[in-house]
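Please take the structure shown here a step at a time, beginning with the terms and then moving from the helices to the side chains and the space between them.

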Amino acid sequence: MKMYVKFDFNALCKKVLDEKLKEQGLKYRLLNFGEVEFYESFTQEQHSVFKKNLKDYGIEIIESQKTALVQKIKDAIAELVFSNEIIPVKASIYIAEKLKHSYGYLSNLFSEVTYTSIENFIILQKIEYAKELIISNKQSLTEIAHKLNYSSVAHLSTQFKNTTGITPSQFHKIIMKRRKAQSLVINSKMLYE
């Protein structure tokens with residue numbers, strides 16, 4: 001039997017950070033975008049232990065200001081794409097206002113550090129979210145296109161195919177075939193038990 005689970009990575013990371021900080025008895029405050037403000041200094045040994053504990057969860061401490069700002073850009077994009085509300089401004093304006101830097105500066109920095117553009121990263125995030133929504137099978141492609149702020153289903157379909165190599169409809173058919181096959185396997189196992 002399979003179960004499909006949706007993750008809220010921000011909430012998950014905040015919980016892990018909170019637990020690991022409490023374990024070390026540090027006085028702190030969690031801020032937005034994976035920032036932690038400490039109320040007291042801590043030793044290099046505490047820093048090393050904390051860093052190792054986070055690494056076990058796939059979380060790393062960002063040492064460089066450039067890398068930290070790029071992570072903030074990614075977080076802002078995730079917030080923009082995965083929001084349940086339609087944000088009425090262009091992504092470039094949203095990101096620039098959120099991070100209080102010019103979009104040109106943020107765009108150049110992002111490309112320098114990640115070797116891809118902010119626009120391409122936004123498309124990748126939108127397509128990943130579209131996949132999740134298609135898998136959940138609760139919304140039509142028209143509703144998904146609207147939710148992801150596409151001008152039309154055709155626009156969504158074009159970007160989906162350019163990114164994945166298949167159309168959203170083909171992706172949906174593949175998911176349905178897999179579910180049907182899994183259901184048949186589960187039912188046949190239950191018959192023989």
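Helices, as the word is used here, are DSSP runs of H or I that hold at least four residues, and they are numbered from the N terminus. The model to which these helix names apply is a predicted one.

A convenient place to begin is helix α3, which runs over residues 65-82. Because a helix should extend by 1.5 Å a residue, the 18 residues of α3 should span 26 Å, and the distance of 25 Å between the C-alpha atoms at its ends agrees with that expectation. Along this helix the buried residues are Leu69, Val70, Ile73, Asp75, Ala76, Ile77, Leu80 and Val81, a list in which Asp75 appears beside residues such as Leu69 and Val70. Among the elements that cover these buried residues are α1 (9-23), α4 (91-99), α5 (103-114) and α6 (118-136).

Helix α1, one of those covering elements, deserves a closer look. Phe9 belongs to α1 and is exposed, since its relative accessible area of 55% is over the 50% cut-off. Although Phe9 and Ala78 are 69 residues apart along the chain, their C-alpha atoms are separated by 9.9 Å. Lys20 is also found in α1, but here the label is buried, because a relative accessible area of 10% falls under the 20% limit. Leaving aside neighbours within four places in sequence, the contacts of Lys20 are with Phe50, Asn53, Leu54 and Tyr57.

What does the charged end of such a side chain pair with? Side chains of opposite charge can pair when their charged atoms come close. The structure holds 7 salt bridges, and one of them joins Lys20 to Glu23, with N and O 3.3 Å apart. Both residues of this pair lie in helix α1, 3 residues apart, which is about one turn of the helix. The two partners nevertheless fall into different classes of exposure, because Glu23 is exposed at a relative accessible area of 55%, whereas Lys20 is buried at 10%.

A second salt bridge, between the side chains of Lys98 and Glu79, has an N to O distance of 2.8 Å. This pair links distant parts of the chain, with Lys98 in helix α4 and Glu79 in helix α3, 19 residues apart. Both ends of the bridge are partly exposed, because the relative accessible area is 31% for Lys98 and 34% for Glu79, values that lie between the 20% and 50% limits.

In helix α6, Glu128 forms a salt bridge with Lys131, and the closest N and O atoms of that pair are 3.1 Å apart. Like a pair spaced by one turn, Glu128 and Lys131 are 3 residues apart in the helix, and Glu128 is partly exposed, with a relative accessible area of 39%.

The last step is to turn from the atoms to the space they leave. Rolling a probe the size of a water molecule over the atoms shows where empty space is left. The second largest pocket has a volume of about 470 Å³ and is lined by 22 residues, of which Leu80, Ala91, Ile122, Lys126 and Asn149 lie nearest its centre. At least two lining residues come from each of α3, α4, α6 and α8 (153-164), and α6 supplies the largest share of the lining, 4 residues. Leu80 thus returns in a second role, because this residue, counted among the buried residues of α3, is also one of those nearest the centre of the pocket.

Conventions
Residues numbered from 1 in each chain as written. Predicted model: local features only at pLDDT ≥ 70, side-chain atom pairs only at ≥ 80, totals over all residues. Heavy atoms only, no water. Expected span 1.5 Å × (residues − 1). Buried < 20%, exposed > 50% of the residue type's maximum accessible area, 1.4 Å probe, protein only. Contact = heavy atoms within 4.5 Å. Salt bridge = Lys/Arg side-chain N within 4 Å of Asp/Glu carboxyl O. 1 Å grid on protein atoms, 1.4 Å probe; cavity = no way out; pocket = protein on both sides within 12 Å on 5 of 7 lines; lining within 4 Å. Points joined across faces, edges and corners; volume = space filled by probe spheres on them.
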